[in-house]
Amino acid sequence: MPMRKIKLWQGKVETEVAILGNGPPLVFLHGPWGLRNDREFLDRLAGSHTVYAPKHPGTSDQDSEAVHQIDDWLDLVAYCGELFDRFELGKTALVGHSFGGMVACEIAAAMPERVSRLVLIDPVGLWRDDLPVKNWMILSPAELRKALFAEPAGDVAEKFFSLPGEAAARIDAQAGLVWSQACTGKFVWPIPDKGLKKRIHRIAAPTLLIWGKQDGVIAPVYADEFARRIATSHVEMIEGAGHLPHLEQAERVARLMRDFLN
C-alpha cells in the first residue's frame, strides 16, 4: 500500500499511514493483526473516499518500539487526536475493526465533534461475565481459524494465514504478526473492559454496527450491547462471516458502508 511516514507524540513515535482514493475523508483503524490483509477492502472504500489507514504505534516497519511511548488509553486517544490534526481532518467518517473499533468508540466518545459517522466492525470494548470475549492471543492456530472465520478452510482464511515461501521473509512475517497482536493487546488484555461503558453514551455520530453472525471471538449478542448504548446506531448481521466480515463478505460489507456513509 502507498504509505506516508510521519512523526507524532513530540517526535517520539514514527508511524506509517496508508492513503488511498479520493473524496471525503475516512479513517480506518485496523484490528489486532495489522493492515497486512486489509488492502483489498480499503480499495473498495477508496472508490468514494480518501481513506487514511494508520498503523498502530509499534507496528510500523521502522519503529517497532514506538508502542512503549504510549502508556495507556488516555495517551492512545490523545495520540489519535494528534494524528487527525496532522492530516487536518475536521469532522470525518471513522471506521474501526475489532481492537480498532474499541479505539474508534473511545475517540467518538471523547471527541464527538471530530466524527461525522461511525462504523464499528465486530468491536471489542464491552464485557459480559456470562459471555467472555476470547483472548485471540492465546488460541491455538486451529482454534483461531475457527474463531475468526465462518469457513476456517476457505480461500479467505487461507489467504489471511498465508506466509511467504522464502525462509527469512517467512520469519519476518510471523514475527510481525505476533508483534502486532502484542502492540494492540497491551491496551486490551487481560480483560477488554477499560471503562468504555461509562463513556459510550457520549457518542453522537450516526453509527453502523456490522457483526459477523459466526463470530467466534466476540459473541454476536454483543452487537445488541453496543446498540442499546449508542442512541443513533443500528445493526447489520452478516451471514457467512466470523470476526472478519469485511474480509469474508467484503462486497456486502463495503456496500452497506457506502450506503451508510453516502
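1. The largest nonpolar core of this predicted model has 63 residues. Y79, L94, L118 and F226 are the members with the most contacts inside this core. Among the contributors, helix α3 gives the most, with eight residues.

2. L94 is a good place to start if you want to look around. Setting aside neighbours within four places in sequence, L94 is in contact with V27, L29, F84, A104, I107, V115, R117, L118 and V119. One of these partners, L118, also appears among the core residues with the most contacts.

3. There is a second core to look at as well. Another core, of 26 residues, lies apart from the one described above. Its members include A93, V95, M257 and L261.

4. Now to the secondary structure. The protein has 10 helices and eight strands. The eight strands form an open sheet, with mixed pairing, in the order β1-β2-β4-β3-β5-β6-β7-β8. Strands β1 (3-8) and β8 (233-238) stand at the edges with a single partner strand each, so one side of each is left without a neighbour in the sheet. From one strand to the next, the twist averages 20°.

5. As a general reminder, strands of a sheet pair through backbone hydrogen bonds, in either a parallel or an antiparallel way. Here, strand β6 (residues 115-121) and strand β7 (residues 207-212) run parallel and are joined by four bridges. Within this pair, L120 stands opposite L209 in β7.

6. Helix α3 deserves another look, this time for its place on the sheet. α3 (residues 99-110) packs on the sheet and touches β3 (25-29), β5 (92-97) and β6. The direction of α3 makes about 145° with that of β5.

7. How does the radius of gyration of the protein agree with that of a compact globule? For 262 residues, a compact globule would have a value near 18 Å, and the protein has 17 Å, which agrees. The C-alpha trace spans about 50 × 40 × 35 Å along the principal axes.

8. A few totals may help you place the details above. Of the 262 residues, 53% count as buried. Taking contacts with a separation of 6 or more, 74% are accounted for by residues 24 or more positions apart. The protein exposes about 11,200 Å², and carbon and sulfur atoms supply 51% of that area.

Notes
Residues are numbered from 1 along each chain as its sequence is written. This is a predicted model: local features need pLDDT of at least 70, side-chain atom pairs count only at pLDDT 80 or more; totals for chains, interfaces and linings use all residues. Side-chain values use heavy atoms; hydrogens and water are left out. Two strands pair if DSSP finds at least two bridges between them. Helices (H or I, at least four residues) and strands (E, at least two) are DSSP runs, numbered from the N terminus. Axes are lines fitted to C-alpha atoms, for helices over the stretch in contact, and angles run from 0 to 180 degrees between N-to-C directions. Contact means heavy atoms within 4.5 Å. The radius of gyration is taken over C-alpha atoms; the globule rule is 2.2 Å times the number of residues to the power 0.38. Buried means under 20% relative accessible area, exposed over 50%, partly exposed in between (1.4 Å probe, protein chains only). Accessible areas come from the Shrake-Rupley method with a 1.4 Å probe; for residues, only the protein chains shown count as cover. A nonpolar core is a set of buried Ala, Val, Leu, Ile, Met, Phe, Trp, Tyr and Cys residues joined through side-chain atoms within 4.5 Å.
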